[in-house]
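Reader: Hello! I'd like to get to know this structure by asking about it piece by piece. Please take me through the details.

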Amino acid sequence: MKNILSHRSTCQSTSAMKIVVWCLWFVLWSFEQISGLSYNQPNLDPYATWNPNAILFTNSSMVGANPRGLFIDSNDSIYVVDQTNNRIVVWMNDSSIPTTTIYGNMSKPMCIFVTSNGDIYISDYTAKNQTSRWSLNANGSIPVMYGSSSCYGLFVDTNDTLYCALYNEHKVVKKWLGDNGSAITIVAGSGSAGSTSYQLNNPEGVFVTADFDLYVADYRNNRIQLFRHGETNGTTVAGNSSLHFTIALWGPNAVILDLDGYLFVADGGNNRIVGSGPYGFRCLVGCTGMAGSATNQLKGPWNLAFDRHGDLYASEWSTNRILKYVLLNNTLGKCSSKLITRI
């Protein structure tokens, strides 16, 4: 019995040591990565859950109708596109009330992305279909890309390359921002609607990893496509035509990833947000099966983003709301945040 107890004690000590080592590794990794990422990718438990009853963050009284564009930076500043009033409303550094408003040469702004140096990229739904760079400390903007149609998804990777999902042209293009004369190139889609591995049908949200792999919310094909860096044939990782059954999607609008590379999808047609993990996909919020404006319902979620606490935000174009879902349980996140606080 004494040997058994000793063995158990040793195993427990070893397990505890592994957790401490893992947490220390995560903290060091976080400090190495934080300078390169402007958005939040939380470290989540396999069984992490969010309160199904949302907090109303803001509505049409502040952000107008159809507030599609949403971005939360690593300082928890929240940027929301106000198409009605042609402006961007900003809540700085976890503020509960708007602190800044960006006006200027905008005409129905659609998408927004903020880089780690504070540059703000906004795509316009105009005749010029332009994407411009703004600064919080400047009154004007600089056009960085003109498209033949408007961007429905926008992303800037760590190599300073801008990605734009051209909804009406069924493709995703990119342009390096280090040179105004750099060419616009196609990275996904053939330019004609289709459902093969190299085609897209009305792409919307995009997400690019640190390895430059591209995830696309392929709206009309009801799937999420993964295009590995340098490859033109995509792999379906969620929705229709998956090699392995994942989860049924209907008109996905946006996709983001957590720290471990698991997917979170705004499943617009099904009025819910779903997520993946080591045990597959599951519905996270808006799981009533009915569209609506109650606190536990969604209606046409368009975009989603994490804050640094792991709370999940969603924009709704149907009900003109920005909703906040509070993370209820996350041991891994608590482990890492405590160590960061002590350091």
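Reader: How far from the ring centre of Trp-317 does Arg-68 lie?

Author: Happy to help: this is a predicted model, in which local features need pLDDT of at least 70 and side-chain atom pairs count only at pLDDT 80 or more, while totals for chains, interfaces and linings use all residues. Residues are numbered from 1 along each chain as its sequence is written, and side-chain values use heavy atoms, with hydrogens and water left out. A charge sits over a ring if NZ of Lys or CZ of Arg is within 6 Å of the ring centre and within 35 degrees of the ring normal. Arg-68 lies over the face of Trp-317, and its distance from the ring centre is 5.8 Å.

Reader: Over the face of which residue does Arg-68 lie at 4.3 Å from the ring centre?

Author: Arg-68 also lies over the face of a tryptophan in strand S23. Strands here are DSSP runs of E, at least two residues long, numbered from the N terminus. At 4.3 Å from Arg-68 is the ring centre of Trp-302.

Reader: Does Trp-302 count as buried or exposed?

Author: Buried means under 20% relative accessible area, exposed over 50%, and partly exposed in between (1.4 Å probe, protein chains only). Trp-302 has 6% relative accessibility, so it counts as buried.

Reader: What kind of pair do the rings of Tyr-152 and Trp-302 form?

Author: Rings of Phe, Tyr and Trp (its six-membered ring) pair if their centres lie within 6.5 Å; planes under 30 degrees apart count as stacked, over 60 as edge-to-face and the rest as tilted. The whole structure has 16 such aromatic pairs. Tyr-152 in strand S11 and Trp-302 in strand S23 are 150 residues apart, so this one links distant parts of the chain. Since the centres are 6.0 Å apart and the planes at 55°, the pair is tilted.

Reader: Which residue in S24 is the bridge partner of Phe-306?

Author: Two strands pair if DSSP finds at least two bridges between them. Strand S23 (residues 301-306) and S24 are antiparallel and joined by five bridges. Between them, five residues complete a hairpin, and Gly-310 in the turn has a positive phi of about 90°. The partner of Phe-306 is Leu-312.

Reader: Which residue in S25 stands opposite Ala-314?

Author: S24 also runs antiparallel to strand S25 (residues 321-325), again through five bridges. Four residues separate S24 and S25 in their hairpin, with Asn-320 in the turn at a positive phi of about 60°. Opposite Ala-314 stands Leu-323.

Reader: Why is strand S24 largely enclosed by the rest of the structure, and which residues point the other way from Leu-312, Ala-314 and Glu-316?

Author: S24 (residues 312-316) is largely enclosed because five of its five residues are buried. In a regular strand the side chains alternate between the two faces of the sheet. Here Leu-312, Ala-314 and Glu-316 point one way, and pointing the other way are Tyr-313 and Ser-315.

Reader: Which residues have the most contacts inside the largest nonpolar core?

Author: A nonpolar core is a set of buried Ala, Val, Leu, Ile, Met, Phe, Trp, Tyr and Cys residues joined through side-chain atoms within 4.5 Å. The largest one has 76 residues, and those with the most contacts inside it are Trp-50 and Leu-214.

Reader: What is the phi of His-170, and does this residue count as buried or exposed?

Author: His-170 is in the loop between strand S12 (161-166) and strand S13 (171-176). Though not a glycine, His-170 has a positive phi of about 60°. At 13% relative accessibility, His-170 counts as buried.
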